[in-house]
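Here are a few exercises to work through with the structure open beside you. Try each task before you read its solution.

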Amino acid sequence: MSGARRGIGIGRIALIAGAVWALLLPAPALAGFAETLPKGSFLLDLSYNYSWLSSAWDNSGNKGPLIDAIERYEPGGGKQGTLIPDADVVYQITVFQLQYGIFDWLSLGIGIPLVVRTGITPHLKWVPGDYQPQLGRAYSEADFWQWAESMGQPRPGKWVGNEGALGDIVLGVRLRWSDWIGAFKEAQVAGALTVTGALPTGRQADREEVVAAGTTMWDLQTQGDLGVHLGFDRTFQKELDDRLTLGVDLFYEWFATHRYQTPTGERNPLLMNFQSYVGTSYTIDPGDYLGASVQADVVPWKGPVRASWISKGDAVRAAAFPPLLTLSLRYTFTYLGQTRYHSMSDLWDYTQEDRWRPGYKNAISATAMFSFLRLGAPLQIYVTYRSLSLIPGRNARASDVITAGVRIPAKFW
């Protein structure tokens, strides 16, 4: 099989876990799109995220495998057979978030993702190809891997990595500009501008592995290197006793171009030997994101009110704290732009770009938040389920994640 054809094959194997993290980092520690912390207040958010992925939405919006089938040929001869990957991916990640209210209308935040473990199992299956005269039959699965191993190529197995690896640290600022416009307050509407930026503290995937995943924003498909969000929240304090909040968020996420070192085939000579025709390095110009979210927060139970040290013994002040139970439902539509590869091989670039064509993804998330501030305890506990597999998308991974977290508000002055 020619080097170009090998490039086509592995281009559809490596980095299959790319889009899993699109679900892992939770929404900002504040639930609403226009919420900010009170002046001088801190909010620490610690969460554990478990995500799984085994399928993807294709260009027609149908759910299929993460990796395309790979046809293998004898050098200058007939078809050996077809490798059919049935891969699955599991991510475990902890996220640390800290926010601080500079003013009532301005908050700063930092998010630090730390990977617990990443596991990718390729589950390679085999479909025999053409009749091989030298064997008197078509290649069996055992025949193929014996041939591959004779060429120095081991059979790809489960990959486990990123244990304790740091992702890209995210910094953010939120400005609630509606505080300066009286008409917004009268209409019970709040508007805010949120800007986020990622520091390049994550690491790229191991270039020599057949299946692997990195922890940068591009590898993880979480958000762009720079993001801008315009959010609005509408409360119903007068009409519904402040038991419903409706929100909308419009966003744009920009990805910077990044350079990657080309695999040499050191550990996988048949599947990862690209340098001779791709060059020593290549660049990826990711497609940007454009989208919108809508959210509804419902309060089924406000809970009792107790005067405590948190409210300085004031029951009226304690009644203004968050309710005991809040249920949230969010839908997010994200348009995905075309990703561009640039190397010495136009064919290789094309085959990589074919996996990252323009498309869209539809995410649904549901959250239950328990807040104990009214009871005198500075503690909030939440659990979230978020899915890209329930509503069809196009050229997007169909991943799911469950998040469990705790939030601790504090004020020291």
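**Exercise 1.** Find the residue that forms a salt bridge with Arg407, and work out which parts the pair ties together.

*Solution.* Step 1: look around the side chain of Arg407; its salt-bridge partner is Asp45, with the closest N and O atoms 2.7 Å apart. A salt bridge here is a side-chain nitrogen of Lys or Arg within 4 Å of a carboxyl oxygen of Asp or Glu.
Step 2: place both residues. Asp45 sits in strand β1 (residues 41-57) and Arg407 in strand β22 (residues 396-411), so the contact ties together parts that are 362 residues apart in sequence. Strands are DSSP runs of E, at least two residues long, numbered from the N terminus.
Step 3: check the surroundings. Both Arg407 and Asp45 are buried, where buried means under 20% relative accessible area, exposed over 50% and partly exposed in between (1.4 Å probe, protein chains only).

A word on the model: it is predicted, so local features need pLDDT of at least 70 and side-chain atom pairs count only at pLDDT 80 or more, while totals for chains, interfaces and linings use all residues. Residues are numbered from 1 along each chain as its sequence is written, and side-chain values use heavy atoms, with hydrogens and water left out.

**Exercise 2.** For the salt bridge between Asp143 and Arg137, decide whether each partner is buried or partly exposed.

*Solution.* Step 1: the two side chains meet at 2.8 Å, N to O.
Step 2: Asp143 counts as buried because its relative accessibility is 12%.
Step 3: Arg137 has 40% relative accessibility and therefore counts as partly exposed.

**Exercise 3.** Do the same for Glu208 and Arg207, then look for a network of shared partners.

*Solution.* Step 1: the side chains of Glu208 and Arg207 form a salt bridge of 3.8 Å, N to O.
Step 2: Glu208 is buried, at 3% relative accessible area, and Arg207 is partly exposed, at 34%.
Step 3: Asp206, Glu209 and Arg267 are joined into one network by salt bridges that share partners. Searching the whole structure gives 14 salt bridges.

**Exercise 4.** Work out the strand order of the open sheet that contains β4, and find the bridge partner of Leu83.

*Solution.* Step 1: the order is β3-β4-β7, with antiparallel pairing; two strands pair if DSSP finds at least two bridges between them.
Step 2: β3 (70-73) and β7 (124-128) are the edge strands, each pairing on one side only.
Step 3: β4 (residues 79-85) pairs with β7 over 5 bridges, and Leu83 has Trp126 in β7 as its bridge partner.

Technical notes
Helix = DSSP H or I, 4+ residues; strand = E, 2+ residues; numbered from the N terminus.
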